[in-house]
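Work through the exercises below with the structure open beside you, and try each task before you read its solution. Each solution goes step by step.

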Amino acid sequence: MKMIQIIIGSTREGRVGDKVAKWLFGLAEQRKDFKAELIDLKEWNLPFFNDPNSPGSGNYSYDYTKKWSKKISEGDAYILVTCEYNHGYPPSLKNALDHLYKEWNGKPVGFVSYGGIAAGTRAVEQLRQVVQELHMIPSHDEVNIPFIWQAFGADGKLKDAAMLEPRAKMLFDGVTALMK
Ligand SMILES: Cc1cc2nc3c(=O)[nH]c(=O)nc-3n(C[C@H](O)[C@H](O)[C@H](O)COP(=O)(O)O)c2cc1C
């Protein structure tokens, strides 16, 4: 069965990204048409990209890059969960993307964003440029969560889950349609 890897883009202490991604992962696990895996860049703790070789060569100098390559190779598609920092994506996410090349090529990618009034959409617009260069296939549908600091209740659940779940379904449907 095809595998969608859901990547948590933010890594800071006290981040919300893990909550957003875990909500999405819970929905993904209910699907019968693909398997899902949650990938946390905070756990991966990749250093700033510093390989003397271009990732396009696939000739990785460091064990952590080889391990990252192996993990990402297991994915048939990806969903990037991104916050918005100063109208852009978080550096941790760009760094994780930059470490590899062929592993991303030709694979579908979807986006979940969150932030203030713009719900992280400016970060996604920038990410669309990046994934284009990585020869990924971006899905049109997105989940965008505004005012993230008030999006989760005291019970840890998304207050607008009823509104956002159909968006997540559209995203899953869009990404799976692109998986060959
Ligand atoms: C350095 C920094 C810059 C931010 N810039 C933006 C921004 O440009 N647009 C926005 O909507 N929210 C912005 N925010 C608020 C974030 O959307 C909010 O803090 C969110 O929780 C960040 O994701 P994280 O908790 O997963 O790190 C910024 C937050 C930080 C820490």
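The exercises that follow deal with helices, a nonpolar core, loop residues and a ligand shell in a predicted model.

**Exercise 1. Describe helix α1: how far does it reach, and which of its residues are buried?**

Step 1. Begin with the length: α1 covers residues 17-29, which makes 13 residues, and from its first C-alpha to its last it reaches 18 Å, close to the 18 Å expected at 1.5 Å a residue.

Step 2. Next, sort the residues by burial, for which a residue needs 20 or more other C-beta atoms within 10 Å of its own. In α1 the buried residues are G17, V20, A21, W23, L24 and A28.

Step 3. Looking down the axis of α1, you find these buried residues within an arc of 155 degrees, so they line one face of the helix. An α-helix has 3.6 residues a turn, so residues three or four places apart point the same way.

Step 4. Turn to the other side of α1, where G26 and E29 are exposed.

Step 5. Finally, find the partners: the buried residues of α1 pack against the strands β1 (3-8), β2 (35-40), β3 (77-82), β4 (108-114) and β5 (137-145), and also against α6 (161-178).

**Exercise 2. Place L24 in the nonpolar core: which residues is L24 in contact with?**

Step 1. The largest nonpolar core has 43 residues, and L24 belongs to the group that touches the most other members, together with I6, I79, L80 and V81.

Step 2. When neighbours within four places in sequence are left aside, L24 is in contact with I6, I79, V81, V112 and A168.

**Exercise 3. Carry out the same kind of analysis for α3 and α4: which residues are buried?**

Step 1. In α3 (63-73), the buried residues are T65, W68 and I72. They fall within an arc of 60 degrees when seen down the axis of α3, so they line one face of the helix.

Step 2. On the other side of α3, the residues D63, K66, K70 and S73 are exposed, while the cover over the buried residues of α3 includes α2.

Step 3. In α4, the buried residues are S92, L93, A96 and L97. Around the axis they cover an arc of only 135 degrees, which puts them on the same side of α4.

Step 4. The elements that cover the buried residues of α4 include α2 (41-44), β3 and α5 (121-133).

**Exercise 4. Examine the loop residues H87 and F147: what is the phi of each?**

Step 1. Recall the general rule that most residues other than glycine have a negative phi.

Step 2. H87, in the loop between β3 and α4 (91-98), has a phi near 65 degrees, which is a positive value in a residue other than glycine. H87 has 13 other C-beta atoms within 10 Å and is therefore partly exposed.

Step 3. F147, in the loop between β5 and α6, has a phi near 45 degrees, again a positive value in a residue other than glycine. F147 is partly exposed, because 13 other C-beta atoms lie within 10 Å.

**Exercise 5. Describe the shell around the ligand: how many residues surround the ligand, and of which classes?**

Step 1. The ligand is surrounded by 14 residues, and the closest are S10, G17, C83, G115 and G116.

Step 2. Sorted by class, the shell has five nonpolar, six polar and three charged residues.

Notes:
Residues are numbered from 1 along each chain as its sequence is written. This is a predicted model: local features need pLDDT of at least 70, side-chain atom pairs count only at pLDDT 80 or more; totals for chains, interfaces and linings use all residues. A residue is near a molecule or strand if its C-beta atom, placed from the backbone, lies within 6 Å of it. Ala, Val, Leu, Ile, Met, Phe, Trp, Tyr, Cys and Pro count as nonpolar, Asp, Glu, Lys and Arg as charged, and the others, Gly among them, as polar. Helices (H or I, at least four residues) and strands (E, at least two) are DSSP runs, numbered from the N terminus. The expected span of a helix is 1.5 Å times one less than its number of residues. A residue is buried if 20 or more other C-beta atoms lie within 10 Å of its own, exposed if 12 or fewer, and partly exposed in between; C-beta atoms are placed from the backbone. The arc is that of the directions from the helix axis to the C-beta atoms. Two residues are in contact if their C-beta atoms, placed from the backbone, lie within 7 Å. A nonpolar core is a set of buried Ala, Val, Leu, Ile, Met, Phe, Trp, Tyr and Cys residues joined through C-beta atoms within 7 Å.
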